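Thanks for making time for this. I have one structure to go through, and it should be on your screens now.

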Amino acid sequence: MNLYLTHLASQLPKIRQQLDITQEDLSKLMGISRPTLVKVEKEYEKFTHAMAICLYVAITAQLEKDKRLINELRNENNDNLIQLSQEQLREFLEFLELTD
């Protein structure tokens, strides 16, 4: 049993919460079915290296989407929303360190 993978799987609900996405959204981003994601969130040992790579790609894609949104907001000179989005991004990046 790979402790890194089981720990990462145990963090999937928190990761989804930080990304503000549903199981359906994350499963689509990862290229897996929702039932597979549900199973992995309950049975951590089912989380594979391939799923970890898909999770990395999914998180990267979501962060890129968020960065584009920030840039759009910056272009609209809406400083208050930009600061909020940057703060949320900072908190998420801190969360990704997976420390409890």
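Which residues does Met30 touch, not counting residues up to four places away in sequence? Keep that in mind while I say what we are looking at. This is a predicted model. Now the answer: Met30 touches Leu37, Phe47, Met51, Cys54, Leu55 and Ala58, with residues up to four places away in sequence not counted. Met30 lies in helix H3. Its relative accessibility is 5%, so Met30 counts as buried, the cut-off being under 20%. One of those partners, Met51, is 21 residues away from Met30 in sequence, while the C-alpha atoms of the two are 7.4 Å apart in space.

Let me step back to the chain as a whole. The secondary structure comes to six helices and zero strands. Read from the N terminus, the elements run α-α-α-α-α-α. The protein chain has 100 residues, and buried residues make up 35% of them. Its accessible surface is about 6,700 Å², and 51% of that belongs to carbon and sulfur atoms. On contact order: if you take the contacts with a separation of 6 or more, residues 24 or more positions apart account for 60% of them.

Next, the core. The largest nonpolar core has 23 residues. Those with the most contacts inside this core are Leu12, Ile15, Leu26, Met30, Phe47, Leu55 and Ile59. Which helices supply at least two residues of the core each? They are H1 at 3–10, H2 at 12–19, H3 at 23–30, H4 at 34–42, H5 at 49–75 and H6 at 79–95. H5 gives the most, with seven residues.

Phe47 is a useful place to look inside that core. Setting aside neighbours within four places in sequence, Phe47 is in contact with Leu5, Leu8, Ala9, Leu12, Met30, Val40, Ala52 and Leu55. Leu5, the lowest number on that list, lies in helix H1. With a relative accessibility of 5%, Leu5 counts as buried. If residues up to four places away are not counted, Leu5 touches Phe47, Thr48, His49 and Ala52. For Leu5 and Thr48 the sequence separation is 43 residues, and the C-alpha to C-alpha distance is 6.9 Å.

Now the helix packing. Two packed helices are described by the angle between their axes and the distance between the axes. I have two pairs to show.

The first is H3 with H5. Their axes come within 8 Å and cross at roughly 110°. That makes H3 roughly perpendicular to H5. From H3, the contact is made by Leu26, Leu29 and Met30; from H5, by Met51, Cys54, Leu55, Ala58 and Gln62. By class, the residues of this contact divide into seven nonpolar, one polar and no charged.

The second is H2 with H4. Here the axes are 9 Å apart and the packing angle is about 125°. H2 and H4 are therefore oblique to each other. Leu12, Pro13 and Arg16 in H2 meet Leu37, Val40 and Glu41 in H4. What is the split by class in the contact of H2 with H4? There are four nonpolar, no polar and two charged residues.

Back to H3 for two more residues. Is Ser27 buried or exposed? Ser27, which lies in helix H3, is buried, with a relative accessible area of 2%. Leaving aside neighbours within four places in sequence, Ser27 is in contact with Ile32, Ser33, Arg34 and Leu37. Leu37 is also among the residues that Met30 touches.

Glu24 is found in helix H3 as well. Glu24 is partly exposed, because its relative accessible area is 33%, and partly exposed covers the range between 20% and 50%. Glu24 and Val38 are 14 residues apart in sequence, with their C-alpha atoms 9.5 Å apart in space.

Last, a backbone item for anyone who checks Ramachandran plots. Asp20 has a positive phi of about 60°, although Asp20 is not a glycine. Where is Asp20 placed? Asp20 sits in the loop between H2 and H3. Asp20 is exposed, with a relative accessible area of 68%.

That is what I had; I will leave the structure up for discussion.

Terms used:
Residues numbered from 1 in each chain as written. Predicted model: local features only at pLDDT ≥ 70, side-chain atom pairs only at ≥ 80, totals over all residues. Heavy atoms only, no water. Core = buried A, V, L, I, M, F, W, Y, C linked by side-chain atoms within 4.5 Å. Buried < 20%, exposed > 50% of the residue type's maximum accessible area, 1.4 Å probe, protein only. Helix = DSSP H or I, 4+ residues; strand = E, 2+ residues; numbered from the N terminus. Contact = heavy atoms within 4.5 Å. Axes fitted to C-alpha atoms, helices over the stretch in contact; angles between N-to-C directions. Parallel < 35°, antiparallel > 145°, perpendicular 65-115°, else oblique. Nonpolar A, V, L, I, M, F, W, Y, C, P; charged D, E, K, R; others polar. Areas by Shrake-Rupley, 256 points an atom, 1.4 Å probe, with all protein chains shown as cover.
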